[in-house]
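Let's take a walk through a protein model together, one feature at a time. Keep the sequence and the 3D view side by side as you read.

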Amino acid sequence: MHAFTRRAVLGAGIAVAGGGGPLTSCSPSSASDDPHGPHRAGNAGAPAAEQPAPEGYVSPHGVEVAATEGLREQRARGTVREVRLTATTTSLDLGARTVRTWAYGDELPARPIRVTAGDTLAVRLANHLPHSTTLHWHGISLRNDMDGVPGLTQPPIKAGASFDYRFTVPDPGTYWFHPHSGVQLDRGLYAPLIVDDPREPLEYDQEWIVVLDDWVDGVDGSTPDAVLEELGGGMAGMAGMDDTGGGDDDGSHAPRTGPSRMLKGAKSRLLDGDPGDVAYPYYLVNGRTPDAPRTFRAKPGDRVRIRIINAGGDTAFRVALGDHTMTVTHTDGFPVEHTTTDALLLGMAERYDVMVTAQDGVFPLVALAEGKGHSAMALLRTSEGAGAPGPSVRPRELDGRLITADKLRAAEVVRLKPHDPDRTIRLRITGSMKRYDWAINGKPYDPSQRYPVRAGERVRLSFINGTDMWHPMHLHGHTFQLPDGGPRKDTTILLPHHKVNVDFDADNPGLWMVHCHNVYHSESGLMTILGYRR
C-alpha cells in the first residue's frame, strides 16, 4: 500500500522499480532506425537522434541543454540513485478480476522511485513490450533530452531494446512517471516518483502514497487503443493521422474489441458539463477495486502525510477521507499556504499532498469518479476491532468544503516574483466530441510546430477553451503559477469556455510539449511544442 514511516522515508536507499537490482554500468541502447514517432496526430519523421536541430531553435541534444544541466549538477551535488525498470506484459489482480495488461514488473502501481532533491537519477528502462515505448518524468524540471517524448526529444525505445535516462532532480515533491507513447498511459505503466526534501519542514509520523486510476485494459476484450478507435469514430487512419508510427509500433492502431466504452449522458456541475469521454468498468486506488480495497494502517493520533496522484486517462476524481479534515500542503510538488478542506478535486496528472490526524477506527478514503457515478476506495485503519465500511460508502465530506487549485496560494518561498510577461502565447483549445478533432489554435499536433520563447523571459500561456469539454493542460519541463499569487503547478484544469492565464520563467532550454492530459484528447491532436530560440 506504499506506506512509509518517517524514519523509512529519510533512510530510503537505492530505489529499485519493476524488478532487477542496482545498475552497475549504463550505455544507451535504443533502436535509432525506427522511422516513426508514436504520436498519431502529425508526422514525427525521422527519430530525434537523426533529426537536425530545427533552424533557429535549441536542440534537445544541444550545448545549451548540457550547460543548464551542468549548472544543476554544480548546485545539487547529490548522490546517484540507480534503478532498473522493465516494461512488460503481465497479469494483475485488481480485486474484482485479474487482467492481462502492460506494467513495470508485476505490481500496480509499480514500486515508487525515491530520491532526494539534488540527486542524480539513473534509470535503465528495458522494453519487453510488443511495441515501442518511452518514459516521461511528469513534473520534473529536467534536461530536455531525458523528457521522454518520442520523435522530439528521443527515438522510441523499440521492443527488445533499452534506454538509459540520467538527469539531476532539482525540486522536492510528489511526481510520477509514465509512457509518452500512444495511449500506453491508460494501461498499467505508471508509478510514483517521490523527491524528498533534505530540509523537510513538515513533521509527520507516516506517509501514505495514494494513486488513483480508471481502468479498462483487458476487461471483456477492451484495450485503450480500441477505445481510442471508437472515440475517433473511424477517423484514425485518415490522411495526416496515421503516419506517426502508431500503427504496428506503439499499438495505437487496434481494431475495435469489446463492448462500447463511450460515456454518454453524464454531467458534472464541478466540471461545468461533460465529465469525460470514457465509461470505465473499474476505478482503482493503488491498483484495487473498492470491493477488495487496500488498507493503510496507522495509530490513533498519528499525523499522516497523504500524497495523492491522479494517474487516470480520462477521469477527474473528487477525494475525501471519511470523518477527517485534510490540510493541503502541496500541489504538483510545490508548497502552498496551508488550507483545510473536506474534499479535493484532481484532474488527470494533478497531485496534492495533504496532512491528516488519524482518528480511532476504520475510515474510507473515497475517490469519486466525478460525474461518472462510480468510485474507488481504500481504507485507513487505526483499530483492529472495528468493522470496515462497504464499497458503496459515500463519506459526507465528499459534499462538504471542496478545494480546487484556484483557491490556493503559493507558499512565499516558491512564489514567482512579480513581473509583467515578456511574451504571451495564446493557446485556444478547439474541437468537439462529435468529430473528435481536438487541436490547439485549430491545428492538430505537428512536431514541426513551434511557439517560440527565449531564455530569461517571463512567459504567459493564455489557455482559452473554446470547447464544451474540460481539459487538464500540462506543460513539460517547467512549473507555472496560477494568477494572483496562486499555486505553482505543471497541470491545471481548464473548464469549458473559460480562460486561464499562467506564467512561468523560461529557464530550461529545449523543445517542450504543452498538451491536454486526457490521453485520448492528446493522442487525437491536442498537443503542441514550445521551442527555445537560440
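Counting the salt bridges in this predicted model gives 35 of them. Side chains of opposite charge can pair when their charged atoms come close. A good place to start is helix 2, where Glu-69 and Arg-72 meet through their side chains in a salt bridge, with a distance of 2.8 Å from N to O. Why are these two about one helical turn apart? Because they are 3 residues apart in helix 2. Both are hidden from the surroundings, too: Glu-69 is buried, and so is Arg-72.

Other salt bridges reach across the sequence. Find Arg-351 and Asp-490, whose closest N and O atoms are 2.9 Å apart. Here distant parts of the chain are linked, since Arg-351 sits in strand 18 while Asp-490 belongs to the loop between strand 28 (488-489) and strand 29, 139 residues apart. Are these two partners buried or exposed? Arg-351 has a relative accessible area of 0%, so it is buried, and Asp-490, also at 0% relative accessibility, counts as buried as well.

Next, look at the salt bridge between Asp-505 and Arg-458, with 2.5 Å between the closest N and O atoms. Asp-505 is part of strand 30 and Arg-458 is part of strand 25 (residues 458-465), so this pair ties together parts that are 47 residues apart in sequence. The two ends differ in how much they are covered: Asp-505 has 29% relative accessibility and therefore counts as partly exposed, whereas Arg-458, at 7%, counts as buried. Salt bridges can also share partners, and in that way Arg-114, Asp-196, Glu-200, Glu-207, Arg-305, Arg-307 and Asp-353 are joined into one network.

A related kind of link can be seen at Asp-225, a residue of helix 3 (residues 224-232). The side chain of Asp-225 makes a polar contact of 2.5 Å with the side chain of Arg-187. Because its relative accessibility is 4%, below the cut-off of 20%, Asp-225 counts as buried.

Now return to strand 18, the home of Arg-351. What makes this strand largely enclosed by the rest of the structure? Of its 7 residues (351-357), 6 are buried, so strand 18 is largely enclosed. Strand 13 (residues 303-310) runs antiparallel to strand 18 and is joined to it by 7 bridges; within this pairing, Val-304 stands opposite Val-356. Strand 15 (residues 326-331) is also antiparallel to strand 18, with 4 bridges between them, and there Val-328 stands opposite Val-354.

Elsewhere, 6 strands come together in an open sheet with mixed pairing, in the order 12-20-19-14-17-21. Strand 12 (295-297) and strand 21 (402-403) are at the edges, each with a single partner strand, so one side of each has no neighbour in the sheet. Inside that order, strand 19 (residues 362-369) and strand 20 (residues 374-381) run antiparallel and are joined by 8 bridges. Val-362, for example, has Arg-381 in strand 20 as its bridge partner.

What about the empty space? Rolling a probe the size of a water molecule over the atoms shows where empty space is left. The structure holds 4 cavities of 30 Å³ or more, and the largest has about 100 Å³ of space. Its lining is made of 13 residues, and His-180, Leu-185, His-515, Val-519 and Ser-522 are the ones nearest its centre. Strand 31 (511-516) and helix 5 (519-522) are the elements that give two or more residues to this lining. By class, the lining of the largest cavity has 4 nonpolar, 8 polar and 1 charged.

Pockets, unlike cavities, are open. The largest pocket has about 1000 Å³ of space. It is lined by 39 residues, with Pro-170, Asp-171, Pro-172, Phe-334 and Val-414 closest to its centre. Among the elements that supply at least two lining residues are some you have already met, including helix 2, strand 13 and strand 15. The classes in this lining are 14 nonpolar, 13 polar and 12 charged residues.

The second largest pocket has about 420 Å³ of space. Which strand gives the most to its lining? Strand 30 does, with 3 residues. The lining of this second pocket has 13 nonpolar, 5 polar and 5 charged residues.

Notes. Residues are numbered from 1 along each chain as its sequence is written. This is a predicted model: local features need pLDDT of at least 70, side-chain atom pairs count only at pLDDT 80 or more; totals for chains, interfaces and linings use all residues. Side-chain values use heavy atoms; hydrogens and water are left out. Buried means under 20% relative accessible area, exposed over 50%, partly exposed in between (1.4 Å probe, protein chains only). A polar contact is a pair of N or O atoms within 3.5 Å; within protein, one must be able to donate a hydrogen and the other to accept it, and residues adjacent in sequence count only if both atoms are side-chain atoms. Two strands pair if DSSP finds at least two bridges between them. On a 1 Å grid over the protein atoms alone, a cavity is a set of points where a 1.4 Å probe fits but cannot get out, and a pocket is an open set with protein on both sides within 12 Å along at least five of seven lines; lining residues have an atom within 4 Å of a point. Grid points are joined across faces, edges and corners, and a volume is the space filled by probe spheres set on the points. Ala, Val, Leu, Ile, Met, Phe, Trp, Tyr, Cys and Pro count as nonpolar, Asp, Glu, Lys and Arg as charged, and the others, Gly among them, as polar. A salt bridge is a side-chain nitrogen of Lys or Arg within 4 Å of a carboxyl oxygen of Asp or Glu.
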